[in-house]
Amino acid sequence: MRDRMKELKKLFLKTYGCQMNVYDSERMTDIMGNQGYTMTDSPDDADMILLNTCHIREKAAEKIYSELGRYRDIKSKNSDLKIGVAGCVAQAEGVEIMARQPLVDFVVGPQTYHRLPEMLEKLNVGEKVVATEFPVESKFAHFPKRLDDRTNVTAFLTVQEGCDKFCTFCVVPYTRGAEVSRPVTRVVQEARELVGQGVREITLLGQNVNAYNGPGSDGQGWSLAKLIWTLSEIDGLDRIRFTTSHPNDMSDELIETHGECKKLMPYLHLPVQAGSDKILKRMNRQYTAESYIRLIEKIRSARPDILISGDFIVGFPEEDESDFQATLDLVEEVGYGFAYSFKYSARPGTPAAERMQVSEDVKSDRLQRLQSLLTTQQKAAQSMMVGRVVDVLFERAGSLAGQMVGKSDYLQAVHVANCDVPLGTIAPVEIIDTHSHSLAGVLASSSHQG
Ligand code: 5AD
Ligand code: SF4
């Protein structure tokens with residue numbers, strides 16, 4: 001038994017949902033790495049299967065149960081296999097998960113996964129474990145050093161978590177808890193670790209990242225803008241991004257930083273959700289379509305080439321055709337370079353779930369109409385790039401021989417053929433063509449490489 005404990009064990013970890021879950025999965029990998037677990041790409045030879053889940057829409061949550069059902073055979077062949085559910089479904093449904101799917105051995109919420117080592121001890125003696133309380137201590141204070149086996153040149157770094165906004169459709173304030181910002185020194189230290197491992201671009205994450213207010217070296221709460229300026233002093237860190245922002249926390253200082261900080265990339269994800277003031281009010285978004293449009297104008301006057309992306313919900317309760325038309329009008333007026341759009345999904349426990357629902361057919365029709373407009377805008381934003389020279393950070397080899405793939409400053413994927421540069425190179429690329437989800441280019445010069 002002792003010898004078996006010493007053997008390396010295998011962890012199969014599958015991640016659903018937002019970038020914050022991607023970050024959490026990396027940290028769980030670090031934690032489990034310290035417990036002797038290496039990663040495997042296949043659930044069949046795993047000693048532990050862990051699903052890091054998303055609860056934002058019903059479909060996302062239901063996927064987890066069908067995925068779990070697939071592990072029945074694997075578990076019947078390996079009684080030592082431990083199956084766990086982490087993330088927001090774990091937080092929202094907790095112990096019910098085990099009742100619905102007895103294959104599950106443990107459930108761990110997004111604020112509790114630093115306790116995985118203690119949980120393992122219980123699991124190893126055959127106990128089932130549920131850890132979904134919001135602990136007083138922050139998980140961030142308990143993370144081990146990042147494992148130094150990264151190959152990525154871009155990374156996510158969570159700086160803020162949770163949300164106090166309580167939009168009436170959203171589960172996040174319940175699953176992730178109240179807004180908490182990490183101290184500046186911790187963020188800077190983690191950014192330095194990442195840069196030391198070859199990372200050149202960091203995306204700062206938070207459910208409401210522009211409300212960041214972490215304690216700084218002077219003991220005061222520092223704004224996101226101040227954090228960005230501090231990070232921009234790190235040599236070797238060339239690009240900074242942040243997501244997701246709420247329009248009401250887009251301060252003048254942050255807008256100016258977009259105009260002045262060279263390392264802050266010209267891309268801003270600023271969800272509006274809807275274009276009708278009636279719906280915005282019922283969503284508790286606390287702004288109007290007009291004030292959002294004025295805000296975009298202000299941001300564009302600070303950084304004219306900035307690419308704006310957004311999130312939209314169609315078919316929110318009581319949305320009628322004229323409300324939906326107001327969303328289309330707003331999209332026409334703003335012009336999005338990229339967007340995510342969703343049918344409203346009623347989430348148990350949120351206020352909007354109690355209101356008059358829009359029929360599924362109407363939702364599907366509106367989604368299709370909105371997406372067709374957004375796709376036209378995305379294509380136009382890509383076509384505008386043709387003939388321009390843009391900096392590209394090369395992130396991986398492409399599927400064709402000699403091809404490399406990277407991202408432009410505007411976060412557009414760029415493919416370059418016959419491209420013999422090391423990963424992590426930032427080089428100017430002339431854009432020569434546009435495809436549905438990417439651009440094609442050629443290296444514009446070899447003088448900027450390295
Ligand atoms: N239904 C549909 N979309 C939702 N979102 C959040 N909650 C819901 C819901 N109940 C969308 C919002 C948010 C994005 C992350 O997911 O557009 O910005
Ligand atoms: Fe959800 Fe974002 Fe609204 Fe917070 S601000 S409740 S995370 S949609």
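**Two ligand shells, a helix pair and two backbone features**

Glutamine 273 sits in the loop between β14 (267-269) and α12 (277-282). In this predicted model, its phi is near 75°, a positive value in a residue other than glycine. Most residues other than glycine have a negative phi.

Glutamine 273 also takes part in binding contacts around ligand 1. An N or O atom in its side chain is 2.6 Å from an oxygen atom of ligand 1. Aspartate 311 places a polar side-chain atom 2.6 Å from an oxygen atom of the ligand. Serine 345 uses its backbone instead: an N or O atom there lies 2.8 Å from a nitrogen atom of ligand 1. On its own, ligand 1 has 400 Å² of accessible area, and the protein covers 86% of it.

The full set of residues around ligand 1 is Ile56, Arg57, Phe169, Gln273, Asp311, Ile313, Phe342, Lys343, Tyr344, Ser345 and Arg347. By class, this shell holds five nonpolar, two polar and four charged residues. Two strands, β15 (307-314) and β16 (338-343), each supply at least two residues of the shell.

Ligand 2 has its own surroundings, made up of Cys163, Lys165, Phe166, Cys167, Phe169, Cys170, Val172, Pro173, His246 and Arg285. Seven residues of this shell are nonpolar, one is polar and two are charged. Phe169 appears in the list for ligand 1 and again in the list for ligand 2.

A second backbone feature lies in the loop between β13 (239-243) and α11, where threonine 244 is placed. The peptide bond that joins threonine 243 and threonine 244 is cis, with omega about 0°. Most peptide bonds are trans.

The helix that follows this loop, α11, packs with α10. Two packed helices are described by the angle between their axes and the distance between the axes. For α10 (residues 224-231) and α11 (residues 252-260), the axes come within 8 Å and cross at roughly 30°. Angles under 35 degrees count as roughly parallel, and α10 is therefore roughly parallel to α11.

Which residues in α10 and α11 meet? From α10 they are Leu224, Ala225, Lys226, Ile228 and Trp229, and from α11 they are Glu253, Leu254, Thr257 and Glu260. The contact of α10 with α11 is made by five nonpolar, one polar and three charged residues.

Definitions and conventions: Residues are numbered from 1 along each chain as its sequence is written. Chains are lettered from A and ligands numbered from 1 in the order in which they are written. This is a predicted model: local features need pLDDT of at least 70, side-chain atom pairs count only at pLDDT 80 or more; totals for chains, interfaces and linings use all residues. Side-chain values use heavy atoms; hydrogens and water are left out. Axes are lines fitted to C-alpha atoms, for helices over the stretch in contact, and angles run from 0 to 180 degrees between N-to-C directions. Helices (H or I, at least four residues) and strands (E, at least two) are DSSP runs, numbered from the N terminus. Angles under 35 degrees count as roughly parallel, over 145 as roughly antiparallel, 65 to 115 as roughly perpendicular and the rest as oblique. Contact means heavy atoms within 4.5 Å. Ala, Val, Leu, Ile, Met, Phe, Trp, Tyr, Cys and Pro count as nonpolar, Asp, Glu, Lys and Arg as charged, and the others, Gly among them, as polar. A residue is near a molecule or strand if one of its heavy atoms lies within 4 Å of it. A polar contact is a pair of N or O atoms within 3.5 Å; within protein, one must be able to donate a hydrogen and the other to accept it, and residues adjacent in sequence count only if both atoms are side-chain atoms. Accessible areas come from the Shrake-Rupley method with a 1.4 Å probe; for residues, only the protein chains shown count as cover.
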